[in-house]
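Trainee: I would like to learn how to read a helix and a ligand site. Please take me through one case.

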Amino acid sequence: MSDYQKYPHGDTSWFQRDRFGMFIHWGLYSMPARHEWIRNREGILDEDYQVYFDLFDPDMFDPKEWAASAKKAGMKYFVITAIHHEGFCLWDSKYTDYKATNTPAGRDLLREVIDAFRAEGLKVGIYYSLIDWHHEDFTLDPLHPMVKHGGLSEDDICEINSKRDMAKYRQYMYDQITELLTGYGKIDILWFDFSYPQIENGKGREDWGSEKIIEIIRKLQPWVIIDNRLDLPGASDIVTPEQYTPRRGMTDDEGNPVVWEGCQTFSGSWGYYRDEMSWKTPELCIQMLINHVSRGGNMLMNVGPTSRGYFDARAELRLEEFGRWMKYHSRSIYNCTCAPEEFEAPQDCRYTYNPETGRLYLHIFTWQHKKVVLPGVGDKVRYIQLLNDGSECTFMLKDGSAGTHMFEKGNPGDIEVLLPDLKPDVAVPVLEIILRKEGEKSSGKKENNQFV
Ligand code: GLC
């Protein structure tokens, strides 16, 4: 029996159809606005971080606006940080005072977000940080802000840790996970972050009690999709590459395809970072989504709301551009995956494929002059159109005969698709290629039956 078979698994069927989700990183770190790891990066002690807790007041928070932006961008699900490494809870947890209800925000922000996104029809995901730099029983390790702060000897660290009890911390997590799975309706994804057993004195499955966490979830909401950061081989439902796009579909050690989701940022950090200047262009963001789906994966695109509670203009712009593109092209994303191997995408292009309709989608990243040649698809194609406006693109079946001064010699089985000189006014144009079913005729012209 493989590790995977040892565990019950969640429902990834909807997930593989929906393809596109919104990640939301929101916490006290949105106030200093210089990375959600600020406590670690700057070695900030609890007492110095307290000012953010005391003053956290998102007066412009309107989760309905967030949900509307996500929906308009074409996103079908979302995952929000209920708690990040700083240990601050967006919900009204019974098990801590370090929560939104005790700040000037004064209410359960998580509930409002979940309600708003659910009302827009998006599926609900909760990010839960395994790391907690605020909890008094969470032992010091090399990532801990108290260690980063400096001034502690090995002996001091041992002494502090001897008074901390990870068993109590585990219980705290079990209680909170139970709370989240019993108080907020149907949860579709639980996103744990993260294990680091590979670094000296790091933490992994024994520290978290990962087996027990899985048990709790499967008892309460067996369908939940669980990510792969609990350090428990076989127990997870999805693989989660971060800040990079895999070059091809992801597989397990035996080479079998796995369900995967790349999580990506607009600018590098996850929490709101005022001065970050490394924002990806909207076009690149759209290409990233296409790359994920063309390799059989999902993309979870992150937004870090400001401390006043709104999405800043740079994020909004990118979401709007996603929406503008998705309005006309979602057919090449939803329900789609990588194309069957026989279809090899031409240079600077990406295929996606809808296995139910048998339609193939060619995403053209760099607009080409006059034509694009699709190798080896010849007699399989019935009809081709631009997806943005449903206008026909005529094509010629190549038979390998000699070229003319106007027509290039091609390989038999290639087709040449005629493109308009002007790139359609969309970020990434897409050809919808309708494959022939048995008995259907192709609309393609034969070689030398020149384009008019
Ligand atoms: C990381 C970081 C983090 C972020 C997460 C998202 O592991 O610790 O800040 O929440 O990735 O994938």
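Mentor: We take the helix H6 and then the ligand.
This is a predicted model, in which local features need pLDDT of at least 70 and side-chain atom pairs count only at pLDDT 80 or more, while totals for chains, interfaces and linings use all residues. Residues are numbered from 1 along each chain as its sequence is written, and side-chain values use heavy atoms, without hydrogens and water.

Trainee: Which residues of helix H6 are buried?

Mentor: An α-helix has 3.6 residues a turn, so residues three or four places apart point the same way. In H6 (residues 109-119; helices are DSSP runs of H or I, at least four residues, numbered from the N terminus), the buried ones are Leu109, Leu110, Val113, Ile114, Ala116 and Phe117. Buried means under 20% relative accessible area (1.4 Å probe, protein chains only). They lie on the same side of H6 because they cover an arc of only 165 degrees around the axis, taken from the directions from the helix axis to the C-beta atoms.

Trainee: What caps the N-terminal end of H6?

Mentor: Asp108 does, with a side-chain oxygen 3.2 Å from the backbone nitrogen of Leu110. After H6 comes Gly121, with a positive phi near 90 degrees.

Trainee: Which residues come nearest to the ligand?

Mentor: Of the 14 residues around the ligand, these are His25, Glu36, Trp37, His84 and His85; a residue counts if one of its heavy atoms lies within 4 Å. An N or O atom in the side chain of His25 is 2.5 Å from a ligand oxygen, and for Trp37 the distance is 2.8 Å.

How values were computed. A polar contact is a pair of N or O atoms within 3.5 Å; within protein, one must be able to donate a hydrogen and the other to accept it, and residues adjacent in sequence count only if both atoms are side-chain atoms. Buried means under 20% relative accessible area, exposed over 50%, partly exposed in between (1.4 Å probe, protein chains only). Helices (H or I, at least four residues) and strands (E, at least two) are DSSP runs, numbered from the N terminus.
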